[in-house]
Amino acid sequence: SAWRIVGPGVIAAGVGLASGEFVLYPYIASQVGLVFLWAAAVGIVTQWFLNMEIERYTLATGETALTGFSRFWRHWGLLFAVLVYFANLWPGWVSSSATMVTYLVGGDVTWIAVGMLLAIGATLTLAPVVYAALERVEFVKVGLVVLFIVVAVVFAISADGWRELPRAVTAPDFPVGLGFALMLSALVFAGAGGGQNLVQSNWIRDKGYGMGAYVPRLVSPVTGREEAAADTGGSVFEPTAENLARWRRWWRLANTEQLVTFVLISFTTITLMSVLAYSTVYGLPGLGNSVAFLAVEGEQLKRTVAPWFGTLFWVIGALSLFAAAMGIVDYTSRLAADVLKTSYLRRRSESRIYFGLVWGLVGLGCVILLAGFSQPLPLLVISACVGGLMMFLYSILLLVLNRRVLPAPIRPRAYRVVALVWAVVLFGVFSALTVWQQGEKLLEWLRG
């Protein structure tokens with residue numbers, strides 16, 4: 001049943017629906033119109049090809065892509081796990097969600113964000129099956145965002161906004177006047193980006209895709225029951241006619257699930273949220289590319305549509321960014337737990353390693369917030385540089401892994417190889433430019 005396998009793509013879209021969809025692309029639309037939406041399409045389609053090559057390996061072996069990389073060099077998985085941890089060290093999504101809560105009820109951003117982090121840790125700890133809980137949260141989030149967009153289409157998007165939309169195709173542009181690093185970040189991280197793509201392996205495995213059905217799921221040490229497993233390694237199925245027929249069905253279902261969830265939801269959300277921003281705040285002076293942008297847009301929606309609509313915008317934004325923060329804590333810890341269990345701590349329970357990492361990340365986030373750091377530049381620079389570097393590296397490794405390790409009948413075809421080469425070039429250029437530009441900012445910050 002195709003419906004029963006829907007989930008990993010929705011989680012990917014749900015976690016990815018964060019600052020890019022609510023702040024970055026709407027901000028760009030408010031400054032230059034909708035001429036940069038082509039970048040969202042390029043970024044999301046590129047990530048779809050990447051996600052499917054990550055899923056290809058797990059469908060065929062039951063192993064995650066990181067475990068596959070470790071077959072070339074034992075410490076590849078650990079390297080990526082450390083990089084993901086550094087990239088997500090700053091709790092930006094949860095603090096953004098807390099900021100939007102203050103627009104609604106007031107209060108102190110720091111303490112609200114700390115409370116949210118503790119709630120995320122408790123939710124992930126007490127859920128009997130972690131994947132099932134995360135899937136429900138992201139389904140609810142995506143449903144609320146879609147509901148808001150439907151209401152916005154009816155009440156808030158202006159005729160000027162609809163007239164501007166065709167320019168995304170007829171007059172595409174790369175508005176470097178807004179900052180080259182900003183444009184490149186929007187292009188590369190539309191939809192997901194960084195370590196989030198890698199966790200598709202873990203999510204489809206917990207959903208029971210292909211050979212992943214033979215691998216235990218993460219369960220709560222408090223409310224769940226450990227699932228027995230003979231070993232932590234995977235194995236490629238025998239390429240018999242019967243097995244290849246099953247493989248082709250799984251491959252079709254996995255591709256379709258990603259297309260109609262991750263690709264469709266991500267691009268539709270970016271497009272319509274950008275059109276909404278264009279309709280309400282285009283040309284308004286003093287807008288900033290930060291969560292403060294949402295305060296201005298909410299006030300404009302209150303004036304141009306109705307007070308209830310601006311409030312609804314903030315409610316959906318706060319819930320959306322909170323769900324994104326939960327997904328980020330999950331995938332950061334999930335990737336690291338898989339690597340540690342497979343390569344270093346074979347006798348330890350992966351679930352217990354995972355929950356230790358969850359609370360470690362929650363604790364670090366609380367310390368950063370309570371120490372009074374307000375989006376410290378070094379952490380943001382690390383996040384930007386590390387995200388692009390990871391994507392560059394694992395694009396190369398995926399190409400080698402799936403071409404060398406998998407049997408010939410299930411290796412990527414020529415056009416998918418071309419797509420991976422394109423990803424290597426795109427993320428390689430992005431990484432070099434980001435390190436160059438952000439490195440200069442970091443040096444200026446250190447001198448100051």
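## The nonpolar core

A nonpolar core here is a set of buried Ala, Val, Leu, Ile, Met, Phe, Trp, Tyr and Cys residues joined through side-chain atoms within 4.5 Å, with buried meaning under 20% relative accessible area (1.4 Å probe, protein chains only). This is a predicted model, where local features need pLDDT of at least 70, side-chain atom pairs count only at pLDDT 80 or more, and totals for chains, interfaces and linings use all residues. Residues are numbered from 1 along each chain as its sequence is written, and side-chain values use heavy atoms, leaving out hydrogens and water.

The largest such core holds 145 residues, and Tyr25, Phe69, Phe80, Phe148, Trp203 and Tyr394 have the most contacts inside it. Helix α15 (residues 307-343; helices are DSSP runs of H or I, at least four residues, numbered from the N terminus) gives this core its largest share, 17 residues.

## Around Trp203

Take Trp203: setting aside neighbours within four places in sequence, its contacts (heavy atoms within 4.5 Å) include Pro8, Tyr131, Asp330, Tyr331 and Arg334.

## The cavities

Now for the holes. A cavity is a set of points on a 1 Å grid over the protein atoms alone where a 1.4 Å probe fits but cannot get out, and lining residues have an atom within 4 Å of a point. Two cavities of 30 Å³ or more turn up.

The largest has a volume of about 110 Å³. Asn88, Trp90, Pro91, Leu117 and Val329 are the closest to its centre among its 14 lining residues. Helices α6 (92-105), α15 and α16 (350-370) each chip in at least two lining residues.

The second largest cavity comes to about 40 Å³. Its lining includes Tyr25, Phe36 and Ser274, and helix α2 (residues 19-32) makes the largest contribution, three residues.

Key
Buried < 20%, exposed > 50% of the residue type's maximum accessible area, 1.4 Å probe, protein only. 1 Å grid on protein atoms, 1.4 Å probe; cavity = no way out; pocket = protein on both sides within 12 Å on 5 of 7 lines; lining within 4 Å. Points joined across faces, edges and corners; volume = space filled by probe spheres on them.
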